[in-house]
Amino acid sequence: MVCTTAAAISVSLLPLACSKQYDLLEDSGEVKAVFNADAFAPDDNLTRTVLDGTEFIWAADDTVGIYPNSGSQIFFEMTQGAGTGSAVFDGGGWAFRNGARYYSYYPFIADFHLDRTQIPVSFKGQHQNGLSSLEHFGQFDYMYADAASVKDGVITFNYHHLGCVIRVTATLEPGTYRQLTITAPTGAFVQKGFFDLTSANTAIQSTESGRELTVVLDNFTVSAKQEVRIYLMSAPVALSGKEITVSILDSEKKQYDCRKTPSKDYAAAGIYGLTCSTWTAVPQSVGIAIDDWDDGGHYSGGAE
């Protein structure tokens, strides 16, 4: 059944006859699993009344991975509650053993031999579909849950965000826009990495870093001058006191820049705002080069 508490999910799991592969089962009857996801914490310049729904919302294809004490992971796929903070996940009949500890993460990676200490992350390939859309968050909103055990017939997974949200509030002239990138003076942004689900201090560890964080803009046409919001997910990043460049590219391959200097570092589970009311046109000869434009290419280079 579905809990009435926001951002909580209840699942009734029926015990199977036997399974030694996952070491999950015990003839203990029905067990309720509750899944809670933290809300993002706003920066001082933002308030909860202007977050545009950036609290975590479950989508129809959301799936979580769960590891027992030993053995391979299993997955729970949502079956009810899309678009809400409360949903039902279907574990395919799995039950949880009393006395065992379980680890969980989101989004699920379909590799049943995946090392729980090496859960991969990537912030490449972000796409925003439409003005001020949040639909692209899910696959980049990496979360882990505290290790949990059954207590009084209930197991509770409390999920924490490993990344942060960067919200660019941009005033744009009429036109169609294709990409936005944020460029730092050094390789500040995590491109790829991993996290250890069993660590006492779970955090994203970088294996590949770069100066840029990019989101491709799909169906992004501004009909009249207006303020829009563009969202990117990032690993925590140290930007305090560093001048960064926000660059947007239109369908005619013209680049416009906005320079900002954040006053703080961007921490996990936070939402941070950048406001670009005015833009400077950049000559194409010195602007950002585009690779594979017709295939939804990517930025290289950028202003110092």
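1. Contact here means heavy atoms within 4.5 Å. On that basis, and leaving aside residues up to four places away in sequence, Ser-104 touches Val-64, Gly-65, Ile-66, Tyr-144, Ala-145, Phe-157, Tyr-159 and Leu-197. The model is a predicted one.

2. Ser-104 belongs to strand S7, which covers residues 102–106. Is Ser-104 buried or exposed? Its relative accessible area is 0%, so Ser-104 is buried, the limit for that label being under 20%.

3. Two of the residues that Ser-104 touches, Gly-65 and Tyr-159, also appear in its polar interactions. The side chain of Ser-104 comes to 2.8 Å from the backbone oxygen of Gly-65. With Tyr-159 the link is between side chains, a polar contact of 2.5 Å. As for spacing along the chain, Arg-116 is 12 residues from Ser-104 in sequence, and their C-alpha atoms are 9.3 Å apart.

4. A second serine can be read in a similar way. Ser-247 sits in strand S19, residues 244–250. Ser-247 counts as buried because its relative accessibility is 2%. Which residue does the side chain of Ser-247 join in a polar contact of 2.7 Å? The partner is the side chain of Asp-257.

5. On the sheet: strands S8, S14 and S15 form an open, antiparallel sheet, in the order S8-S14-S15. Strand S8 (119–122) and strand S15 (205–210) are the edge strands, each pairing on one side only. On average, neighbouring strands of this sheet are turned by 15° against each other, with direction ignored.

6. The pairing of S8 with S14 can be given in more detail. S14 spans residues 189–195 and runs antiparallel to S8, with four bridges joining the two. One residue pair to check on screen is Ile-119 and its bridge partner in S14, Phe-195.

7. The second largest pocket holds about 190 Å³ of space. Its lining has 14 residues, and those closest to the pocket centre are Leu-172, Glu-173, Tyr-177, Tyr-256 and Trp-279. Strand S12 (164–172), strand S13 (175–183) and S19 are the elements that give two or more residues to this lining. Which element gives the most? That is S13, with three residues.

8. S19 links two of the points above: this strand contains the buried Ser-247, and S19 is also among the elements that give two or more residues to the lining of the second largest pocket.

Terms used
Residues numbered from 1 in each chain as written. Predicted model: local features only at pLDDT ≥ 70, side-chain atom pairs only at ≥ 80, totals over all residues. Heavy atoms only, no water. Buried < 20%, exposed > 50% of the residue type's maximum accessible area, 1.4 Å probe, protein only. Polar contact = N/O pair within 3.5 Å; in protein donor to acceptor, adjacent residues only side chain to side chain. Pairing = 2+ DSSP bridges. Axes fitted to C-alpha atoms, helices over the stretch in contact; angles between N-to-C directions. 1 Å grid on protein atoms, 1.4 Å probe; cavity = no way out; pocket = protein on both sides within 12 Å on 5 of 7 lines; lining within 4 Å. Points joined across faces, edges and corners; volume = space filled by probe spheres on them.
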